[in-house]
Amino acid sequence: MKKILIFFAAATLAVACASPEKMAKMANNVLVTCEPSVLEVVNGTIDPVVTVTYPKDYFNPKVILEVTPVIVYEGGEAAMKPFKYQGEKVKDNYKVVSSEGQKVTERLHFDYVEGMEKSHLELRSRVLAGKKSINLPTRKVADGANTTYMLVKRAGNVAFKKDNYQDVIVTTAEGQIKYKVNSSEVRNSELKGTSVKEFLAALDAANANERSTVKSTEIVAYASPEGAEKLNNKLSGNRSQSASKAWNKITKGHDALDPSVKSVGEDWEGFQQLVSESNIEDKELILRVLSMYSDPAVRENEIRNMSQVFTALKGEVLPELRRARLIANVETKNYTNEELLDILKNNEKILDEEALLRVASVAQDNAQKESIYQKAIERFNSSRAMYNLAALYLNEGKVSKAEAGLAELNAADPDVINAKGVVALRKDDFGTAESLFRKAGTPEAKKNLGIVLILTGQYEEAAQVLKDVDGCCHNTVLAYILTDQLDKAMESAHCGDPKVWYLKAIVAARQGKVSEMKTFLERAYKNPSLQARAAKDIEFAAYDL
């Protein structure tokens, strides 16, 4: 029994004073964990947290342990600067590890390089005791690396400024019948007057133009706002009837639709407009009265109290309001896109700014688009053309040209702010890009903010930002995958392009749905680069592809 106790004591002493050689032999007793267990690339880096638990009586008090984290990948390896730990009796400045046992946690950092998507992380350690150096067994810590976030569509979105080109031009042809005060009789002189003649000429011109259609005609009668409101409403109604009877005489021999007839009553709206356009002294006072009072009787009384002003109104304004308007509503088809392209070749100078912006938008060739925008800039100093040219440059990957063009534009324009954000995005200046996209606030900027948030590892906010964004299927699906919202990812995957099928395959793989995964991958392989990626993608490492 005594021999057994002596042997046990000796064994314990040997462990307590473990030599460097025995530390190597006992290396499997050291527990090593890694978070995440599968390496993940975020914002171009791999930053796992490794925790090493040294058991009691393992770490020799007189040694230094040097641990080098290394990522081994196809084509090479990347090693960090070694971590150094010392026993309790070593007089140096490294982190001390107690022989009583201790847990040590370190955050590692590697810059991602191509090839690391198929890799593993290992720890290479050696014990230094004086001049002696003993290598410990290499410990594999984790496989890697997940690069799913790199599937983000990251070019950035810019919206072209819209033109105000009218496919259909809506106009009105108008003439007037004027009446004497308190009268609803249509005078012969009015039937043959200049206003009616011009109305008929415009009506005939519209009917003769094969591009134009008279859609409707109207008669609208009024009374000037003087006297009792009840009397004026009756007078306006009588004028609408007399003008309606006169319509047939006026339009005899002309192609005219039957008009709708309306009586307005007192024409306060016309009164305000004519006063605003007049040179009447104290017109601002009149306009103030109109704004202060809504009751017609009060308005008239207040204006009549300004006797000199009312006299001027009786001569210049009120006679113009005793009327019936004859209206023809005309729609004219503008040049089609095809016609605009033809005009661009043969008679470009007749195209105004809006027409040039429209024809640029439908031109198929980017060189032609650029030429048209340049013409709009030269002829009209068009800021929209300048912006659209910058947007075109961004779409072509000409970032420097786009940046130079944007510098000339209104810095407060949300579209310009967003486009400058895309420039920063293309330069990998994610901080500036994020700030600009948040400031711009446009639908395109919201999509672009989602891109930056994915690229910088802010996955939760990216999913929140992109969830309601129209036309952003791909990146929305990706954001849901990165936040492990797999059901939402699948629900959002309504686009049919190969990259979205690839994302759906990732969802299926994570859910263990092997058959669906393979079906999705087959569709994704229409893009050959995705087949090459899948062969190395750790998302599918557990499956036989």
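Let me start with one contact: Glu539 forms a salt bridge with Arg510, and the closest N and O atoms are 2.7 Å apart. Glu539 lies in the segment after helix H23 (528-536), while Arg510 belongs to helix H21 (residues 498-510), so this pair ties together parts that are 29 residues apart in sequence. The two ends differ in their surroundings, since Glu539 counts as buried at 10% relative accessibility, whereas Arg510, at 33%, counts as partly exposed.

Before I go on, please keep in mind that this is a predicted model. The mean pLDDT of the chain is 92, and 96% of its residues reach 70 or more. The exception I would like to point out is residues 1-16, over which pLDDT stays under 50 and for which the model has four contacts beyond four places in sequence. Where pLDDT is low, the predicted coordinates should not be read in detail.

Now back to the charged pairs. Side chains of opposite charge can pair when their charged atoms come close. How many salt bridges does the structure hold? There are 30 salt bridges, and among them is the one between Asp413 and Lys161, with the closest N and O atoms 2.7 Å apart. Asp413 sits in the loop between helix H14 (399-406) and helix H15 (414-426), and Lys161 sits in the loop between strand E13 (139-146) and strand E14 (168-178), so here the pair ties together parts that are 252 residues apart in sequence. Asp413 is buried, with a relative accessible area of 16%, and I mention the value because buried means under 20%.

Another of these pairs is Glu348 with Arg379, where the closest N and O atoms are 3.3 Å apart. This pair also links distant parts of the chain, with Glu348 in the loop between helix H10 (337-346) and helix H11 (353-362), and Arg379 in helix H12 (residues 366-380), 31 residues away. Arg379 is partly exposed, with a relative accessible area of 34%.

Let me turn to the strands. An open sheet of three strands has the order E1-E4-E9, and its pairing is antiparallel. Its edge strands are strand E1 (31-35) and strand E9 (102-107), each of which pairs on one side only. On average, and with direction ignored, neighbouring strands of this sheet are turned by 15 degrees against each other. Between E1 and strand E4 (residues 49-54), which run antiparallel, there are five bridges, and Glu35 stands opposite Val49 in E4.

Glu35 deserves a second look, as the peptide bond from Glu35 to Pro36 is cis, with omega near 0 degrees. Pro36 is found in the loop between E1 and strand E2 (38-42). A further cis peptide bond runs from Gly144 to Ala145, with omega near -10 degrees, and Ala145 lies in strand E13.

Strand E17 (residues 323-333) brings us to another set of pairings. Is this strand mostly covered or mostly uncovered? E17 is mostly covered, as eight of its eleven residues are buried. E14 pairs with E17 in the antiparallel sense over eleven bridges, and Gly175 stands opposite Leu326 in E17. Strand E15 (residues 212-223) is also joined to E17, by nine bridges and again antiparallel, with Thr213 standing opposite Glu331 in E17.

What about the interior? In soluble globular proteins, nonpolar side chains tend to be buried together. The largest nonpolar core here has 119 residues, of which Val50, Tyr54, Leu121, Ile454, Tyr502 and Phe540 touch the most other members. Apart from it lies another core, of 21 residues, including Ala173, Tyr179, Leu191 and Val330.

Finally, two backbone details that you may want to inspect in the viewer. Asn182 has a positive phi of about 60 degrees although it is not a glycine; Asn182 is found in the loop between E14 and helix H3 (188-191), and is exposed, with a relative accessible area of 55%. Asn381 likewise has a positive phi, near 50 degrees, in a residue other than glycine; Asn381 is found in the loop between H12 and helix H13 (383-395), and is exposed, with a relative accessible area of 60%.

Conventions:
Residues are numbered from 1 along each chain as its sequence is written. This is a predicted model: local features need pLDDT of at least 70, side-chain atom pairs count only at pLDDT 80 or more; totals for chains, interfaces and linings use all residues. Side-chain values use heavy atoms; hydrogens and water are left out. A salt bridge is a side-chain nitrogen of Lys or Arg within 4 Å of a carboxyl oxygen of Asp or Glu. Helices (H or I, at least four residues) and strands (E, at least two) are DSSP runs, numbered from the N terminus. Buried means under 20% relative accessible area, exposed over 50%, partly exposed in between (1.4 Å probe, protein chains only). Two strands pair if DSSP finds at least two bridges between them. Axes are lines fitted to C-alpha atoms, for helices over the stretch in contact, and angles run from 0 to 180 degrees between N-to-C directions. A nonpolar core is a set of buried Ala, Val, Leu, Ile, Met, Phe, Trp, Tyr and Cys residues joined through side-chain atoms within 4.5 Å. pLDDT is the predictor's confidence in each residue, from 0 to 100. Contact means heavy atoms within 4.5 Å.
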